[in-house]
Structure formats: structure tokens, C-alpha cells
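Work through the exercises below with the sequence and the coordinates at hand, and try each task before reading its solution.

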Amino acid sequence: MGSLALPKLLVVDFTKENIKPGSSAWSSTCNDIRVALENHGCFIALYDGVSSKLEESVFQAAEELFDLPTETKMKNIVEKPYHGYIGQIPFVPLHEGLGIDYATELEGVQSFTDLMWPKGNPSFCETSMSFSRAVAKLEHMIIRLLFESYGVEQHSESHMNSTTYLLRYLKYRAPEMNETTMAFPSHTDKSFLTILHQNDVSGLEIRSRDDEWISVEFPPSSFVVMAGDACKAWSNNRVLSPNHKVTLDKKGKETRYTIALFSFLSKKVQVPDEFVDVEHPLQFKPFNHVDLLNFYDTETGRKSQNILKDFCDVFLYLLKLVDPPSIEDSTQSEESQTIMPPQQKLPVINFNAETLIPSTDAWLSTSYVVRRALEDYGCFVVSTDKIPWDLHETMFELTKDLFCLPIETKIKTSSRILGFGYGNYSTLPLFESFGIENGGTLDAIRSFTNLLFPSGNNTFCNIAFEYMKQLSEINHCVLRMVFDSYGIKDKQFDSNSLLYLARFMKYRAPIQGENPIALPPHSDKSFLAVLDENGVKGFAVKMRNGEWIDHEPSPSTFLVVAGEPLMAWSNGRIYAPQHQVAMRTSAKEVVRYSTGLFWFMREMVEVPKQLVDDEYYLRFKPFNNMDFLKYVNTEEGKASKCAIESYCGVNTSASADC
């Protein structure tokens, strides 16, 4: 076996006699195939397993099949989507196709033949089955090479034993005058692998990973081998499932015929354990292959721009954003149900004893989900039982007592950092807040307590310290998960470089004529904030697309919100969301209380070198978080649409996500 790298697609020669596992040619071809599938999602195979006589017979069979009356061809109805007859579609007028499921088995081919030719057609049956079995042998060889290239060859036999094949006869007639030349629009295959063989009429175009469209020329005795979405999922997103289309020459007069063999799995498509590590966190949940087809056959699936993300992304799966809706057949098991895209609500991530053990599979999966939540939403909800409910309840009862103190007592709590002390502003009449600088330490909380309660209040002091300590543990955990998910081992931050601001906030209901916006849209100037609330709604987050999501409070959950400094540290990967609090209630007795721990950096913040590449050029210069807070309170800082971009952006004309 040899391989020849052409300017566009790799050509692998399977006609050589030295096709033996363990040989140098075998090893080099393993690597060639893997690189080709990762970069282009396909390659060209030279293969003599289909004789010239069989090749001639299969194209004659195609012509004979498509010459049948339309009403006969339309009998090719298969329960699996896109397995039967496709044709007579107004927006794809040049295309027609029929499918034979279980094409390597006599029963499957005979059943199709009898449907098309009730009086029989032994020649068509024999030709179709012989061609399918010959190409399936090529597919088996490619599977062995691909699996060995990734070091998972022990799984290849099980995979092949679970593979079924769909043979499709495809016809693309020449366009008439003033008719579209688009014979089939851009799409990805839903198979594991697709192997295509065409007559001498070209038209196939494939989009590579760098978005270049490649026109495919088929050499004699050649087949195009293409990865499908199932292969991409199996490889944990290493392999590319390429978009491809068929465009015909407007001056062409000949019909294009393609014979395609698609491989599908009868077992679950699942990422091997060997493909999951710190640098490659699990991206796709296991799924039944037929369910991917069923999902694609829905309106949501057809409109999807990234079907694997919408169908089986582990981010959505682990978050459990939605309950899995059943497919129309309500008798299907829960495991076979299709996961539909999430409704617009904040992701919920479970922090339990299992997920909080560093370096375990559960930790790595949760770390990936945390990172994705911060990148996509800028915030998420932590569900955890690590903070006792009675501690939460007591903290909020004591918080109410704070705001019942006389105003002359409240204003005693000031800070050298603007915004860190007591806040009661005429421009924000519904909002009031207290802050404790270094609020993660017992000394700071005790000083705050003694200032407000000169006679002492050990209950508040002890409860507040224990409570903020629990919030700081969530903060530390999120920070470490972000580092691990990005593969950053040299931690920039230690406990001495962190500054915590503990905050207690009150939002009263508006009286008649007052604006219900208690806290207007803003993005945080902290690195990260962990928030708790008393169950009264009001918090809303603005998504990247401009839509607002209202947060629904629930017991034992906490909000984690990324700030502008974290966005800058991540080089723009993490989103710093605008958020607000609105008291849309006329009930005067309704009061929203919220507590939180905001984390700031005392030292210089710099984008890690691991987060700078061709896609993410350096966007932010090193900066001091505390100096940034001073800038925010200047006239320039207040006027800026994105303060961190104005303060330390490398290109201040660039648009930032804050």
C-alpha cells in the first residue's frame, strides 16, 4: 500500500499487495488517513476490489433503476429518514435518489429488488449486493487503519460487527437552460463513513477545515472516502465531517451517477475513553445512530448549523438544561430519546462530591462544562448541597437585620475603594447594599460587625464568615476548573493575590410611578462573582445574541457570573455578560435580598500564552485589577461601552463581549 499527496486531497493506493498490518506501509498509511480525515474529512482511495465488469454493471443498474416510472420509485419508503426515495423536490430539481438498507445482506437487496421489479430482476440484485460487499471490504480496511492510527485498534472488530450499510443510487441530471446548476446543496453526512463512486461526470465539492471549497476529481478506479457526523462524534471532534455539495457544469449534457455506500452503527456511538483527557475533554454524549437521523429529520435538526452540538453536545447533556423529549413513538426507551436543543435558560451545573475530586473523569467533564458555560453564557447556576440550607436561611435572616439598622449607623461602613462600602444612591432608589473588603477573612468580618453592632453580634460574625467561606470554595473550584479545562498548569493566582468583596444587597418593590429597574444593565468589574438570593425573582442576563434570560431562583443553587477582568485574562474567550435586577411587582411587601462574594486580583493580570493563537490573537495588555477599578470610576471609564477594552485592549477599535 502506498499513498500519494496531491495538491488538494490525499490519494491512498489500496491496490498494492503489501496491505499487511504491521508493515511500514501500513503504519505510514494509518497516519496519512488520520491526518486527511482531520484536515479535510475525506480522501481518495484507489481500489481494485471492484472489477471493471462490476463497475460497468452497477452504472447500468443505476440507469435501469432510474428509468422506472416515478410512482414505482416512490414505493421505496424506509422508516429511517433519508434511506428511501428522494426526488421531485422543487428546490433540488436535478437530484433523485433511492436507497437499499442492509445492502450487504441478500434479504435487504432482494426486498428492494422485488419492490421495484415484482417479476424479479436477478441481475440488479446480484450487482447491487456484489458492489456493496466489495466496497464494504474497503470500509473495513479503512476502519482498521483509522482505529490503529488513534491507538484504539482493540475496538475495531466490535465496531465492524455492529455496522450496517445503506447503498444509495444517486442521479443528477444535466441542467436545462436557465435552470440552477446546484444539483445538491451543502450538507454533512450523518453516517459514520461514506464511500462514493461516480461515473465520469464531475461535480462534487468538499469544504476543508480552512473553509476552502475543493473540486474533487475522481481518478480511474477511485472512491471518495468521507467522514460523517457520527465519525466526528466518535473521534471527540478530531475528525472533520465536511460540508459538501454537487454543482454541475451549466454547459454539461450528461447525467451524473454516483453509487454511495453509507455505514451506520447498530450500537451506540460513543467516544472511546482513550480520546478523553485534560486537553481533549469529552464533547459528545453517547447516542443511538438512528436517533441522529431522527433528530435531523425534525425542523430544528434541518435548521441546525451544528447538528452534533445541538443533538449530543455533552455540555447540554451534562447540564440537563431540558428534559429529553421523546420522539413521536412514546413507547421508546429513555435511552433512545432525542435530546432537543435547550430552551433559553441559564445552565445548571451540579457540584457534588464526585464532580469535585480533581483529575477524575467527572472533574474533567465538569471542568469542560464550566468553561463552555462561561464562554457561551458568561454565567451559570451551581447546584450543590455542600452549603447547608439552615446556613443559607440564617444568613438571609441576619441580612434583613442589617438593613433595619439606622441610616447613621449604615453609613459608618466606608471603604477606600469606591463601591466597596455602603451604597444608597438617589439614582437607584430601589437598591441598597453593604460591602466588606477582604470579606473572606474573619478579621474583616469581625471589624465590620463591631462597627455596626458596637455591643457585639457574634451570631452575625460567625455565620457570615462560615457562609462566605463556603462561597469562596465555590469560587476557587470554578477557577481551578477553568485552568484545567484550558490546559493551563502554571496557576497565575494564589490565595495571597486574591481580594474578596463580600456584599449584602436589598431590592425593594417600586411604588407607583417608579422605574422597576432596581439595578440597570452592567457587567461586573470583578473576576468572578458567586451570588445567592432569597427566592425572589429579578435577576436577568443578556446573552451574546442580545436576548435576555430571566433567572428562576431555586433552593441550594448559586449564580456564578464572569466579570470583565476574567474576559480579558481569557483573551476574549469568556463572555462578561450584561445583567440587571428588575423588581416587576406591585406588592410592597416583596423584598429581594441577595448576598455575594466578588473576587478581584491584587497583582498584574496577563493573558496566558496558551490562550493566544491564530484564532485568538492577543487582545489585552497586562493590567492591574485595582487600577482598572479606579479607571472605571473616571469620566472616560463611565462613558465606555466596554471598560476593560478601553483600558487595556490591544486594539481598542475591536468589539468586545461585555
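**Exercise 1. Overall description.** Determine what share of the residues in the chain is buried, and describe the extent and the surface of the chain.

Solution. In this predicted model, buried residues make up 55% of the 658 residues in the chain. The next step is the extent, where the C-alpha trace spans about 100 × 55 × 45 Å along its principal axes, and the chain contains 20 helices and 27 strands. Turning to the surface, the chain exposes about 29800 Å², of which carbon and sulfur atoms supply 49%. As for charge, there are 63 positive and 85 negative side chains, and the centres of these two sets lie 4 Å apart. Finally, among contacts with a separation of 6 or more, 77% are accounted for by residues 24 or more positions apart.

**Exercise 2. Surroundings of I44.** Decide whether I44 is buried or exposed, and find which residues it touches.

Solution. Begin with the element: I44 lies in strand 3, which covers residues 42-46. Its relative accessibility is 5%, and because the cut-off for a buried residue is under 20%, I44 counts as buried. Leaving aside residues up to four places away in sequence, I44 touches, among others, L9, L10, V11 and V12, as well as V216, F223 and V224. By contrast, I387, which is 343 residues apart from I44 along the chain, has its C-alpha atom 58 Å from that of I44.

**Exercise 3. The nonpolar cores.** Identify which residues have the most contacts inside the largest nonpolar core, and which helix gives the most to this core.

Solution. The largest nonpolar core has 77 residues, and those with the most contacts inside it are F14, F43, L65, F131, Y169, F192 and W234. Helix 5 (residues 122-149) gives the most to this core, with 14 residues. Apart from this core lies another, of 75 residues, including A373, M481, I488 and M601. Returning to F43, its contacts beyond four places in sequence include L10, V12, F14, I142 and F223.

**Exercise 4. The partners of strand 21.** Establish which strands pair with strand 21, and in which sense.

Solution. Strand 21 (residues 539-542) pairs in the antiparallel sense with strand 24 (residues 579-582) over 3 bridges, and it also pairs in the antiparallel sense with strand 22 (residues 548-550), again over 3 bridges. At the residue level, A540 stands opposite Q580 in strand 24, while in strand 22 the bridge partner of A540 is D550. The hairpin of strand 21 and strand 22 has 5 residues between the strands, and in this hairpin G546 takes a positive phi near 95°.

Conventions: Residues are numbered from 1 along each chain as its sequence is written. This is a predicted model: local features need pLDDT of at least 70, side-chain atom pairs count only at pLDDT 80 or more; totals for chains, interfaces and linings use all residues. Side-chain values use heavy atoms; hydrogens and water are left out. Helices (H or I, at least four residues) and strands (E, at least two) are DSSP runs, numbered from the N terminus. Buried means under 20% relative accessible area, exposed over 50%, partly exposed in between (1.4 Å probe, protein chains only). Contact means heavy atoms within 4.5 Å. Accessible areas come from the Shrake-Rupley method with a 1.4 Å probe; for residues, only the protein chains shown count as cover. Lys and Arg count as positive and Asp and Glu as negative; His and the chain ends are not counted. The place of a charge is taken as NZ of Lys, CZ of Arg, CG of Asp or CD of Glu. Two strands pair if DSSP finds at least two bridges between them. A nonpolar core is a set of buried Ala, Val, Leu, Ile, Met, Phe, Trp, Tyr and Cys residues joined through side-chain atoms within 4.5 Å.
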